[in-house]
Amino acid sequence: MADNVANGKTSLSSEEVIVRAVPFFSTEKFKATSQAGRTATFEGRPPLPWGLLLLTVLGFLLFIVPGILMYVLVIRKRYRFSNLVVTASPTAGETEVSISSPPWAAKLVTRFLSALPSLAAPPPPPQ
């Protein structure tokens, strides 16, 4: 599965971005697996569609073989762990945030980037 990469800039320090990322993604069904000063890795599973679950249960109820095939071929393959990696790189007066995530977590990543404070407007030049 290809990963999506989202980038943003903030006025926070890189350590503060990581500190904010840990509780944010941990409350959204991700589990923090590693954390360093500038990176944090989270592990999560995609949500399963109700239709797949219904077809699997129906397969088990009507015939055993289709239910087993549905479970082995579809659900086990789809319900694997995916990584979400938050990287913060300090630059001159700002921090660049890069988040690599699975496609199903794109809205969550967008919410996190929008929750970070934006860059302060530069002071006007002296006259």
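## Close-up views of a five-stranded sheet

**View 1. T39 stands opposite T87 in β4.** This is a predicted model, in which local features need pLDDT of at least 70 and side-chain atom pairs count only at pLDDT 80 or more, while totals for chains, interfaces and linings use all residues. Residues are numbered from 1 along each chain as its sequence is written, and side-chain values use heavy atoms, leaving out hydrogens and water. Helices and strands are DSSP runs numbered from the N terminus (H or I over at least four residues, E over at least two). Strand β3, residues 39-44, pairs with β4, residues 82-91, in the antiparallel sense through six bridges; two strands count as paired when DSSP finds at least two bridges between them. One residue along in β3, A40 has V86 of β4 as its bridge partner.

**View 2. β4 and β5 form a hairpin.** Two residues lie between the strands, and G93 in the turn has a positive phi of about 75 degrees. Seven bridges join β4 and β5 in the antiparallel sense. V86 appears again here, this time with I99 of β5 as its bridge partner.

**View 3. The whole sheet is open and has five strands.** Follow the order β1-β5-β4-β3-β2, in which the pairing is antiparallel. β1 (4-10) and β2 (30-35) each have a single partner strand, so they stand at the edges with one side lacking a neighbour in the sheet. Helix α1, residues 14-26, packs on this sheet and touches β1, β2, β3, β4 and β5 (94-101).

**View 4. Six aromatic residues gather in one cluster: F24, F25, F30, F42, W104 and F112.** How many aromatic pairs does the structure hold? There are six. Rings of Phe, Tyr and Trp (its six-membered ring) pair if their centres lie within 6.5 Å; planes under 30 degrees apart are stacked, over 60 edge-to-face, and the rest tilted. The F24 and F25 ring centres are 5.2 Å apart and their planes meet at 90 degrees, so this pair is edge-to-face. F25 also pairs edge-to-face with F30, at 6.3 Å centre to centre and 85 degrees between the planes. F25 has 0% relative accessibility and counts as buried (under 20% relative accessible area; exposed is over 50%, partly exposed in between, with a 1.4 Å probe and protein chains only). F30 is buried too, at 5%.

**View 5. The largest nonpolar core has 18 residues.** Such a core is a set of buried Ala, Val, Leu, Ile, Met, Phe, Trp, Tyr and Cys residues joined through side-chain atoms within 4.5 Å. F25, F30, F42, L84, V86, I99 and F112 have the most contacts inside it. Two or more residues come from each of α1, β3, β4, β5 and α4 (106-115), with α1 giving the largest share, four residues.

**View 6. L84 and S101 are in touch with each other.** Setting aside neighbours within four places in sequence, L84 has contacts (heavy atoms within 4.5 Å) that include F25, F30, A40, F42, I99 and V109. S101 belongs to strand β5 and is buried at 2% relative accessibility. Among the residues that S101 touches are D3, N4, N83 and V109.

**View 7. Confidence varies along the chain, from β5 with the highest mean pLDDT of its elements (90) to helix α3, residues 64-78, with the lowest (69).** pLDDT is the predictor's confidence in each residue, from 0 to 100. The chain has a mean of 80, with 79% of its residues at 70 or more. Where pLDDT is low, the predicted coordinates should not be read in detail.

Notes. Axes are lines fitted to C-alpha atoms, for helices over the stretch in contact, and angles run from 0 to 180 degrees between N-to-C directions.
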